[in-house]
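Q: Please take a close look at one residue of this structure and explain, step by step, where it sits and what surrounds it. After that, I would like to see how the rest of the structure can be read in the same way.

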Amino acid sequence: MRFPWTKERDREISIGSKATRRHFPKNQIRNTKYRWWSFIPKNLFEQYTRFSNAYFLIVACLQLWSAITPVNPITTWGPLIFVTSVTAVKELADDLRRWWSDYRANSRKYVVYRDGQQRSISSSKISVGDILKLHEEEEAPADCIIIKSSDTENGTAFITTANLDGETDLKERMAAKPTYTLTDAAIESFRGVITCPPPNDIVWRFDGQLSCEIAPKDPALAPPEAEMDSHAEQTPNLSPPTPLMAENMVLQGTSLKNTGHVYGVVVFTGNQTKLGMNKRVPPSKATKADKVINCSAAAVFAMQWMFVASYSVVGLWREYRVMPDEWYLNFNTDQAPWYEPIVIPLRFFLLMTYCIPISFKVTLDLCKTIYAFMINMDRDMVNQKTGSGVSAKNTGIIEDLGQIQHVFTDKTGTLTENVMVFKKVSINGTQYGEGVAASALDDRTLAEKVSAGDPHVLWFLRVLGLCHTVDVDEADKATILRGEAYKATSPDEFALVHAACRMGVAFVGSDRLTTSIALHAGNNTTPKVEKYELLEVLEFTSDRRRMSVILRDPAGQVILLTKGADDIVLGRLSRNDEKTSRIRGVTDRHLASYGNTGLRTLTIAMRNIPAEEFAQWRKDYDSASTQLVGRDRLRNELMDMIETDLTLLGVTAIEDQLQEGVPDTIAFLRQAGIRFWMLTGDKLETARQIALSCKLMAETAAFILVAGTNEDEVVSSLEKAAVTYDRAREGGREAILAVTGPTFKHVEESKTARVAFRRLGLKCDSVVCSRMAPTQKAQVVRLIKRTGVMTLAIGDGGNDISMIQEAHVGVGLEGREGLQAARAADFSMGGFRFLKRLLTFHGRYSYLRSAWIVQYSFYKSVIIGVGQISYNILAAFSGASLMMSNDLTLYNLAYTFLPPLVYTLDRDVPALCPMEYPELYKQSQKSKDHSYLTWFLWIARGLYHVFVIEAVLYVVGSAWVQSDGSPVDKSIIAETHIVSLMTLQLVTQLTDLHTWNLVTLLVVLLSYGSLWAFHAFMCVLFPTKDLYGVLRRTFVDPQFWMAIVLIVTFAYVPIIAFRTARQIVRPRLSDTLRFNNAVAWSVGRKSIRGM
Amino acid sequence: MSELVEKAQKITSWTTHKLFNEAQNRYFQPVLTPIIAGSCMCLSFLALAIITAFLAISQNNRVAISKRYDDLSATSLTMSLTKEMKNAYLFYELEDFYQNHKRFADSISWEQLNTGSDSQGNLEDACTYTKVVCRTLSDTCDPCGLVYRAHFNDTFTLTKVGGSTVTLDPTVGWKTDRDNKFDDAFEKGDPDRDRLTSWMRVSGLGGKTLKPYAKVGDLDKGDYTVAFNSVFPVNSFSGQKRVILMEVGDVVGAFGWGLPLLSGAAAGLLLVSSLVIWSVIVAKLAVTLVLKAINKNKAAKAGAGREEEEETTYQSPLVSHM
């Protein structure tokens, strides 16, 4: 892979040089989106490049042209300014919060040494090449290379990355080799050159070199000319370069722990640090409903233009043919010939702009914020043990929670507790801890063998005690020997080291060069400490799936100790021995039986390395480590070379218990129509066992395994699987598809296999994918997501992040392995079981609420837009407006702004039901309440209501004479229109709300009341306005009330009749539950009310 | 500081809990179950039917005479009253005259009419299609705009055949308009001032412009002559002019047959809807009973075959709540 930055030149940092300081940017952190001067232009630009805002801006500008505007321009400018400022204020608040945290980070004081001078400067002034003195508990302001630590013996330092990924364990860092022995004074005026690649975002990697400047007085350290590399040539008095690696580095944002202080050379500053380069805007996700909304809005827009076009044709005809005869219109004014053909359509267009609801985006965003609030505050989703609740990070996609069809779940830490309990061992072909519940720790035979000093058993335990990355806290010897002082990132390793300690081989500590264990088997013996020289650690990666250490034992022999995944380690055993192969056969059987009971297994092996071989290998390895290009590939090859010819010692088996409530949650969600995919790195048998125990599959299910080592085999295996699937279905059994990572690699490569796998996977009840690499997890999700089904991925570890970001909805668990997954996810939570409530309770309610809110917003806009243009049938197609400007402005801003918001409190079924009736979830899952059909019905309802209003107004209004002998004028008609329109809104809101509570009822009634209040106010106070004197006349006029009653009757009786008939003939479960509850309540029985 | 923050968090948590959980848990469920919906519709039908009957009777008893006069060559017409009239008004009606045409209705300055004057700029904006003569209303200066310029200027007199002239009270239009909305300077001293305030309130529905001419009061039976001076031109746009004599109720005013007919239609809609709902309820009940009977029959037959088997009827939660 070629990254963009590989083209850039390597960095050459000359420590203490002014030129270096000037050349690179200062350590100013800036995460804000705007600067003070760019806020207004940039924010406005962003807002008005969105279609809806641009549309309304054009409308608002057109309205400034007084010849065409039917109403006061304030009707559009008011809402537009309101909407714009709400969005801007939200953005501003977000940016101010970022600015504040930047400001605090930038102004923190640090001690640096420049040219041997100590200075205390604020973080933003630190520059590349400065020597920084970092004290304990201080947070590193920039990426630094440690050149000296307060631990002068070993040069080690400890940091914690809690601020970055939530991992609280200590991580060891090393000071650079050539400098860690120097005195503080020498360090403070240290000069040298660090060469490293330009800033990049790969956190775990740093390939650099350090050359120290050598004082001319000290010829002993002067390097021979030949060894000088190209970088050093310009400055002849430099020592030969030593490699710098990630372990020498302190990253920005990490803090120093358990170490007095360190000196570090700043290499990357500000936003160019590893952390800064990793800051990316997360991929934005749109909800499923957004597509329906966009298409439907486009349809409404098209409808609008159809109206405009047809009215314009009639309007123009009338303008040219009829109007010249209407003397009272005084049509003799001179106008250019283009004037009317442009003005008339524009007038109609402006009348109809109200079809698109201007405030709908703001309303929906507010509603989503309310949903997020309810989720974050839900006390029923708080894990009482850890205190962590559910947190909605991506509020935009909460409705999607109600539509999930496929859930992709990680196994370890997600379905299981990730608390590893050491259960069984098989050493040299003998099993210890036999029986289902028994633990090897309690096995007397094993304890006896340890006391007797059985070499196989001892070496097995030594590997457990020596080959790991566990730390020991400072503690007294007894605590260590009890195994109570270990700190580990990986629960597996903790379990292994702890078990070794319990069995008599205690790991007591390690430093840079050595690692020690204490043999303390038997209660009376004094512990015998063995000290091993640590030669090399070949670390664990998800590709290698094994870890090794190379040690020199007290006798001087070089040994390699390995533990790793079964298939990997078994593949690297020596094959020349008959006894080995016999033991291997037995061990294989043990492995299979452990897998079948759901245990996680690791294989332990070791090797004696001849001294000459090791010396040669070491030389190659060291030279590979100083390479700037291809270092990893070279090192991996060398590791493969040395980790061969292993001798099998045995197998460990660890139990990982299921999390609380997992089987119930999965069983319930499966009944709710959700399919589960389990994606795990563990082996197939373990995965299958867990799938059984967490009810992902039934005991009787057909387990259909797809296997193959190349494309053709995989394709034919998939064909066979399809046949097996059909047979299972005929037999009425569940069908579970299973695939392993290596097989999936071939599936991914071939198109036919991909399609067949996808088809089968979508049909099967569950899918179990084992031995999956992290990238493969994301590939599976992508494969399924492409078919258009709604996916949710849930995981707890760093290896689940790609899957979490790929799926429509990503959920991260706050696990034992840190917060990485939780931070990358859209939702984070404290346990798998909360998924049930998140989906069926919050997801379903949010989906239904938003569906109503969106469609109602368009309905209320269509009714007003179409009403305005239709009035022109009665106004000579002249572009006249029936509604008064004030009402048009207030309609969206006041009269109907709040009712959609309080719909966020509506519950279509009592609060207990969604968690008890899985069938309820299918309603939202199948998009029954927000589809093109429902949109059509809502818009049709709007058009029908317009027709009813205008027809009744026409019939009643044309012969309507008030009691003082005044026939009604336009203002009375307009008043009747707006009151009946708002009464319809009131009826719509009240009948569509499934539950009335104090808040909803109050808001709905107050919104309706605001119309009356405003009209009463205008009626009395402003003689020049249309509304003056109107309300006092209509209020006492029976014909006015009659008109409203008739409009509401005609508008709603057919709808309610139709709805009721449907509820009788084809009742939905939610209807039935609601009715039963209401009946139970009304006859005084205890009803299913809230909690 | 941190105490304050903690307190604030507690309050927020408490408020949100109150608002989002307790408020939602204390609810009233206005469930329109089929039976409630059907009953409500029946009751509404009854209420509307009574109102309809009242409206129809009231409309049937109202005396109203409407005569077209623009096509007459004479200067008067006769109206025969077969019944006496209570609280009658004289109206004129223009057909195909669009007072609510945008160009016409917008051509008015309410500021000028209300305060007696308006700024030149506002007047020019408001009255684009006429020349602005002057800013301040006076005896010699008329308000700007088409609405005033094209005001109706026919005059009528009403005489009982073989009797005296009936007094026509010109106090028509809205009281608030006469007193507050129009400035005193508007048509000061003109006997037609009140008619003009009524004209300036543009009518809103199509080309039919109905305006009051005068209050007539009670009239005896007999023939009446309406003499008219027809000067307002309507021929160019083939409009019509009518003169109307009509009773106006003290509370309800006056209405045509449209209102009772609509009301009757609404009552009919309610009746049909409630019938539909009731019949669907009955049909569903019948179907359920029949199905139950059939199932029972089947179960009995099947049960006869294997009596020893224990009866296990699993009822899913879904079924039990139907």
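A: In this predicted model, A:Arg600 counts as buried, because its relative accessibility is 13% and the cut-off for buried is under 20%. A:Arg600 belongs to strand 25 of chain A, which covers residues 600–609. Leaving out residues up to four places away in sequence, A:Arg600 touches A:Lys411, A:Thr412, A:Met420, A:Asp492, A:Thr652, A:Ala653, A:Ile654, A:Asp656, A:Asp682 and A:Thr686. A:Asp115, by contrast, is 56 Å from A:Arg600, C-alpha to C-alpha, and the two are 485 residues apart in sequence.

One of the residues touched by A:Arg600 is A:Thr686, and this leads on to helix 20 of chain A, residues 684–693, where A:Thr686 is buried together with A:Leu684, A:Ala687, A:Ile690, A:Ala691 and A:Leu692. Just after helix 20, A:Lys695 takes a positive phi of about 60°.

Strand 25 also takes us to a salt bridge, for A:Arg607 is paired with A:Glu613, and their closest N and O atoms are 2.9 Å apart. The two partners can be read separately: A:Arg607 counts as buried at 8% relative accessibility, whereas A:Glu613 is partly exposed, with a relative accessible area of 32%.

A second pair in chain A is formed by the side chains of A:Asp800 and A:Lys777, which meet in a salt bridge at 2.8 Å, N to O. This pair links distant parts of the chain, since A:Asp800 is in the loop between strand 31 (791–795) and helix 25 (801–806), while A:Lys777 is in helix 24 (residues 774–785), 23 residues apart. Both A:Asp800 and A:Lys777 are buried. Elsewhere, salt bridges that share partners join A:Arg544, A:Arg546, A:Arg572, A:Asp640 and A:Glu643 into one network. Over all chains, a search of the whole structure finds 54 salt bridges.

A further salt bridge can be followed in helix 4 of chain A, where the side chains of A:Arg98 and A:Asp95 meet at 3.0 Å, N to O. Because these residues are three apart in helix 4, about one helical turn separates A:Arg98 from A:Asp95. A:Arg98 is partly exposed, with a relative accessible area of 31%, but A:Asp95 counts as buried at 7% relative accessibility.

Helix 4, residues 74–107, also holds A:Leu92, which is partly exposed with a relative accessible area of 35%. A:Leu92 joins A:Leu96, A:Trp99, A:Trp100 and A:Tyr103 in making a nonpolar surface patch of about 530 Å².

For an earlier stretch of chain A, UniProt places the feature "domain: P-type ATPase N-terminal" at residues 20–77, in an unreviewed entry. In the model, residues 20–77 of chain A are 53% helix and 0% strand, and the C-alpha atoms at the two ends are 54 Å apart.

Another buried residue worth comparing with the starting point is A:Ser211, which has a relative accessibility of 7% and lies in strand 9 of chain A, residues 208–212. Apart from its neighbours within four places in sequence, A:Ser211 is in contact with A:Gly192, A:Val193, A:Leu238, A:Ser239 and A:Pro241.

The same kind of reading can be carried over to chain B, which has 10 helices and nine strands. Of the 322 residues in chain B, 42% are buried, and chain B exposes about 17100 Å², with 57% supplied by carbon and sulfur atoms. Among contacts in chain B between residues at least 6 apart in sequence, 76% join residues at least 24 apart.

For chain B, an unreviewed UniProt entry lists residues 35–57, 243–262 and 268–291 under "transmembrane region". Residues 35–57 of chain B are 100% helix and 0% strand in the model, with end C-alpha atoms 33 Å apart, whereas residues 243–262 are 25% helix and 25% strand, with end C-alpha atoms 26 Å apart.

Finally, the two chains meet in a contact that takes 88 residues from chain B and 99 residues from chain A. Chain B and chain A bury about 8200 Å² between them, and 66% of this is on carbon and sulfur atoms. Across this interface the rule finds one salt bridge, and the side chains of B:Arg201 and A:Asp969 meet in a salt bridge at 2.9 Å, N to O.

Terms used
Residues are numbered from 1 along each chain as its sequence is written. Chains are lettered from A and ligands numbered from 1 in the order in which they are written. This is a predicted model: local features need pLDDT of at least 70, side-chain atom pairs count only at pLDDT 80 or more; totals for chains, interfaces and linings use all residues. Side-chain values use heavy atoms; hydrogens and water are left out. Helices (H or I, at least four residues) and strands (E, at least two) are DSSP runs, numbered from the N terminus. Buried means under 20% relative accessible area, exposed over 50%, partly exposed in between (1.4 Å probe, protein chains only). Contact means heavy atoms within 4.5 Å. UniProt positions are given in the numbering used here, feature names are shortened, and annotations may be inferred rather than shown by experiment. Patches are made of residues with over 30% relative accessible area and no salt bridge: like charges are joined within 9 Å, nonpolar side chains (Val, Leu, Ile, Met, Phe, Trp, Tyr) within 5 Å. Accessible areas come from the Shrake-Rupley method with a 1.4 Å probe; for residues, only the protein chains shown count as cover. A salt bridge is a side-chain nitrogen of Lys or Arg within 4 Å of a carboxyl oxygen of Asp or Glu. Buried area is the accessible area (1.4 Å probe) that two parts lose on being put together, summed over both.
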